[in-house]
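Welcome! Take a moment to turn the model around on your screen before you read on. The notes below walk through it topic by topic.

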Amino acid sequence: MAGTPLAGVNGRVAIGGVALTQAKWSVKPKGILLPSTNFESVAADGLTYAEQIFGIRSAAVTFSGFWDAAANPHVTFGIVGGAQILNVQIFLTKTINKCFAFPFFSVEDVTVDDDVTGLLTISVSGMSNGPFTYPF
């Protein structure tokens, strides 16, 4: 078999080094492309091609899992809409300690769901606020 896959079961979401009871996460880093095509954007073949540079970089983050009655996520971790949270880590796998690290994280949206046939769950979405690191 080529490559070495990782099982999603070993992921983790942590705030301030404390693991949350989450079951799913997503990190979507992006860079905004700024058009920089100009009158001099002519290639060696004599044709003009679009040019661009990167402007602002950010990462959209979501995570979800069960709402933990032993560690109320709103109180224990400050997970409320409009909050700035410090030191959010999204682990690829806790067994090799590789994670996206967000020193500052802006909480945009918090959804708490209840279903009579399931668990009380929480879903969080937000954005990086300043620099962040990849799981190198």
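## The chain at a glance

Of the 136 residues in the protein chain, 26% are buried. Please keep in mind that this is a predicted model. The protein chain contains 1 helix and 7 strands, and the radius of gyration of 20 Å is well over the 14 Å that the globule rule gives for 136 residues, so the chain is more spread out than a compact globule.

**Overall layout**

- Reading from the N terminus, you meet the elements in the order β-β-β-β-α-β-β-β.
- The C-alpha trace of the protein chain spans about 65 × 45 × 30 Å along its principal axes.
- The protein chain exposes about 8,800 Å², and 60% of that area is supplied by carbon and sulfur atoms.
- If you take the contacts in the protein chain with a separation of 6 or more, 59% of them are between residues 24 or more positions apart.

**Aromatic rings**

- How many aromatic pairs does the structure hold? There are 7 aromatic pairs.
- One of them is formed by Trp25 and Phe100, which meet edge-to-face, with 6.2 Å from centre to centre and 75° between the planes.
- Trp25 lies in strand E3 (residues 22-35) and Phe100 in strand E6, so this pair ties together parts that are 75 residues apart in sequence.
- Trp25 is partly exposed, with a relative accessible area of 27%, whereas Phe100 is buried at 9%.
- Phe100 counts as buried because its 9% falls under the 20% cut-off.
- Ring pairs link a cluster of Trp25, Phe63, Phe100, Phe102, Phe105, Phe132, Tyr134 and Phe136.
- Elsewhere, a charge meets a ring: the charged end of Arg57 sits over the ring of Phe54, 4.8 Å from the ring centre.

**Tyr134, a member of the ring cluster**

- Where is Tyr134 placed? Look in the segment after strand E7 (121-128).
- Tyr134 is partly exposed, with a relative accessible area of 39%.
- From C-alpha to C-alpha, Tyr134 and Ala101 are 6.8 Å apart in space, although 33 residues separate them in sequence.
- Not counting residues up to four places away in sequence, Tyr134 touches Pro29, Cys99 and Phe100.
- Phe100 therefore appears in this list of Tyr134 contacts as well as in the edge-to-face pair with Trp25, where Phe100 is the buried residue at 9%.

**Two serines to find**

- Ser41 sits in the loop between E3 and strand E4 (52-66).
- Is Ser41 buried or exposed? With 3% relative accessibility, Ser41 counts as buried.
- The side chain of Ser41 reaches the backbone nitrogen of Asn38 at 2.9 Å.
- The side chains of Ser41 and Glu51 are joined by a polar contact of 2.9 Å.
- Leaving aside neighbours within four places in sequence, Ser41 is in contact with Ser36, Leu47, Thr48, Tyr49 and Glu51.
- Ser106 belongs to strand E6, the strand that also holds Phe100.
- Ser106 counts as buried too, at 15% relative accessibility.
- Beyond neighbours within four places in sequence, Ser106 is in contact with Ala83, Gln84, Ser125, Gly126, Met127 and Asn129.

**Two asparagines with positive phi**

- Which backbone angle should you check at Asn87? Look at phi, which is positive at about 55° although Asn87 is not a glycine.
- Asn87 lies in strand E5 (residues 84-93).
- Asn87 counts as partly exposed, at 44% relative accessibility.
- Asn97 has a positive phi as well, near 55°, and is likewise a residue other than glycine.
- You will find Asn97 in the loop between E5 and strand E6 (98-113).
- Asn97 is exposed, with a relative accessible area of 55%.
- Why does Asn97 count as exposed? Its relative accessible area of 55% is over the 50% that marks an exposed residue.

Note on methods. Residues are numbered from 1 along each chain as its sequence is written. This is a predicted model: local features need pLDDT of at least 70, side-chain atom pairs count only at pLDDT 80 or more; totals for chains, interfaces and linings use all residues. Side-chain values use heavy atoms; hydrogens and water are left out. Helices (H or I, at least four residues) and strands (E, at least two) are DSSP runs, numbered from the N terminus. Buried means under 20% relative accessible area, exposed over 50%, partly exposed in between (1.4 Å probe, protein chains only). Rings of Phe, Tyr and Trp (its six-membered ring) pair if their centres lie within 6.5 Å; planes under 30 degrees apart count as stacked, over 60 as edge-to-face and the rest as tilted. A charge sits over a ring if NZ of Lys or CZ of Arg is within 6 Å of the ring centre and within 35 degrees of the ring normal. The radius of gyration is taken over C-alpha atoms; the globule rule is 2.2 Å times the number of residues to the power 0.38. Contact means heavy atoms within 4.5 Å. Accessible areas come from the Shrake-Rupley method with a 1.4 Å probe; for residues, only the protein chains shown count as cover. A polar contact is a pair of N or O atoms within 3.5 Å; within protein, one must be able to donate a hydrogen and the other to accept it, and residues adjacent in sequence count only if both atoms are side-chain atoms.
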